[in-house]
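Please open the structure in a viewer and keep the selection panel at hand. The stops below proceed from one selection to the next.

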Amino acid sequence: MYGHNPWGGPLEISTTTDSATNDDIRSQDCRDFDRAALPLKKLSSLGQDATKLLCCWETPKHNNVSWRGNSCLKDGDSATEFKDLVGRGGDTCGGKTNPNDHYCWMRPEDIDYQRPVSQCDSCSDLAAEMAAALASASIVFKDDKVYSQKLVHGATTLFKFAREKRGRYSGDGSAAAPFYNSSSYWDEFIWGGTWMYFASGNISYLDLVTNPELGRNAGPFWGGLDNGVLSWDNKLAGAQLLLTRLRLFLSPGYPYEEMLRTFHDQTNIIMCSYLPFFTSFNRTKGGLIELNDGKPQPLQYVVNAAFLATLYSDYLEAVGVPGWYCGPKFFSTDVLRDFAKTHIDYILGNNPQKMSYIVGFSNHYPKQVHHGGSSIPNNKVKYNCEEGWKWKDSKKPNPNVMIGAMVAGPDTSDMFHDIRTNYNYTEPTLAGNAGLVAALVGLSAKRKLTNIDRNTIFSSVPTMFPNSPPPPSPWKP
């Protein structure tokens, strides 16, 4: 099986030790390789959001959208069970020394220990997220009708499975639970159902996502700050913004208006919570919003918020709305873009450390990124599980520079420790870089009313109202 190693050319991974699909293996070339499918599928749909929603429609022949879509199709080739979903990262607690992704420090192409994957027959969150990835990809590839319909068919099978086989992919002692534990699947039902409606035009999906009972289970009526933070675990903020777009651009009316207005109102509240005029979230002295309650690795949440803020600003401007209300106070769309730009600038180096948290950007960026392939020299020597430790513990900069990788980020004091073994500072993630790319695309787009393609994302959605009757035939005396 082959992936791509940016500093060493193609990399080959043994099919005898790893039961993952080719495409999941290509995703292993990141940090210490442990695979949990939910963040990977979130990467697919979020990355495609940046492509579609901001209308950068040209996709190269060999692109990550298609190979990740193909991976989802392979994972979901059965209506009763799914395989290759949950990789066993490995527990190193209690002195365990079995070779696994956390105990060993190796290049991905050198892994020689067994890396089995789990099979699940009740993983609603994961299946619905995969359905969202396939459905959104079908819109990207709408001009390739055969492939687009194949994606829609796969998404339909996955979403049906998600609805019928209820359960969390990380439940019941799943190997994914210690690393990427899913808190709920209700948000994925709204997220996946919304993309299914956009991709297929089947009105039953819109009926589902605007069902008040589903909304109550997903949480938009609860308030609570977590519901406003888009992450690999919680898609609610993104789903509400998509449905707000539907209300703004198509205005479906009765019987959907009440729930769509609720989602729109919640989107407004989320945008208010991002602003420095309010105290919904703490901020560091350097100005970084703490969307994960001061826990480590804050930047992946920040870039997602920057993306949503930019997108909502574009939506409002596209329909000629200059801003929105936070209580009695009116704010212009410029405030949202300022929030996004300020935080991306922080990540790029406008922070107390003057540190760019994007590897390779500027002269001052993390040199000891928590990543096996980046830290081990490309010297044609194969290092086994424990032999790689000397590179993990080395005080020298990584010999292979991961250009463009965003690390975990600073702590609540704006401090950053460039230490390879401290993943809370130096770990890059696929989910984090997906949000970064989306936010950068949004901020790079030229601001004009035609910036947002109002129609392509709805190309499969049928007319919401009946056509006007034909005019009467001419009167003849």
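**An enclosed helix**

Begin by selecting α6: 13 of its 15 residues are buried, so this helix is largely enclosed by the rest of the structure. The model is a predicted one. Helix α6 covers residues 186-200, and at 1.5 Å a residue it should span 21 Å; its end C-alpha atoms lie 21 Å apart, in agreement with that value. Move on to G201, just after α6, where phi is positive, at about 75°.

**The nonpolar cores**

Next, select I190, W195, F198, Y274, W324 and I347. These residues have the most contacts inside the largest nonpolar core, a set of 108 residues. The greatest contribution to this core comes from helix α11 (residues 299-318), which supplies 14 residues. A second core, separate from the largest one, has 6 residues, among them C104, M106, I111 and Y113. As a general matter, nonpolar side chains in soluble globular proteins tend to be buried together.

Now centre the view on W324. Which residues is W324 in contact with, leaving aside its neighbours within four places in sequence? They are N268, M271, C272, L275, L316, K329, F330, F331, S332 and L336.

**A pair of helices**

Display α11 again, together with α9 (residues 236-249). Their axes come within 10 Å and cross at roughly 5°. An angle under 35 degrees counts as roughly parallel, and α9 and α11 are therefore roughly parallel to each other. On the α9 side, the contact is made by A237, G238, L241, T244, R245, L248 and F249. On the α11 side, select L308, L311, Y312, Y315, L316 and A318. L316 of α11 also appears among the contacts of W324.

**Confidence along the chain**

Colour the chain by pLDDT. The average is 83, and 77% of the residues score at least 70. Select residues 19-32, where pLDDT is below 50; this stretch nevertheless has 66 contacts in the model beyond near neighbours in sequence. Then select residues 47-62, over which pLDDT stays under 50 and for which the model has 47 contacts beyond four places in sequence. Where pLDDT is low, predicted coordinates should not be read in detail.

**The whole chain**

Finally, return to the full view. The chain has 16 helices and 6 strands. Of its 477 residues, 57% are buried. Among contacts in the chain with a separation of 6 or more, 73% are between residues 24 or more positions apart.

Technical notes:
Residues numbered from 1 in each chain as written. Predicted model: local features only at pLDDT ≥ 70, side-chain atom pairs only at ≥ 80, totals over all residues. Heavy atoms only, no water. Helix = DSSP H or I, 4+ residues; strand = E, 2+ residues; numbered from the N terminus. Expected span 1.5 Å × (residues − 1). Buried < 20%, exposed > 50% of the residue type's maximum accessible area, 1.4 Å probe, protein only. Core = buried A, V, L, I, M, F, W, Y, C linked by side-chain atoms within 4.5 Å. Contact = heavy atoms within 4.5 Å. pLDDT = per-residue confidence, 0-100. Axes fitted to C-alpha atoms, helices over the stretch in contact; angles between N-to-C directions. Parallel < 35°, antiparallel > 145°, perpendicular 65-115°, else oblique.
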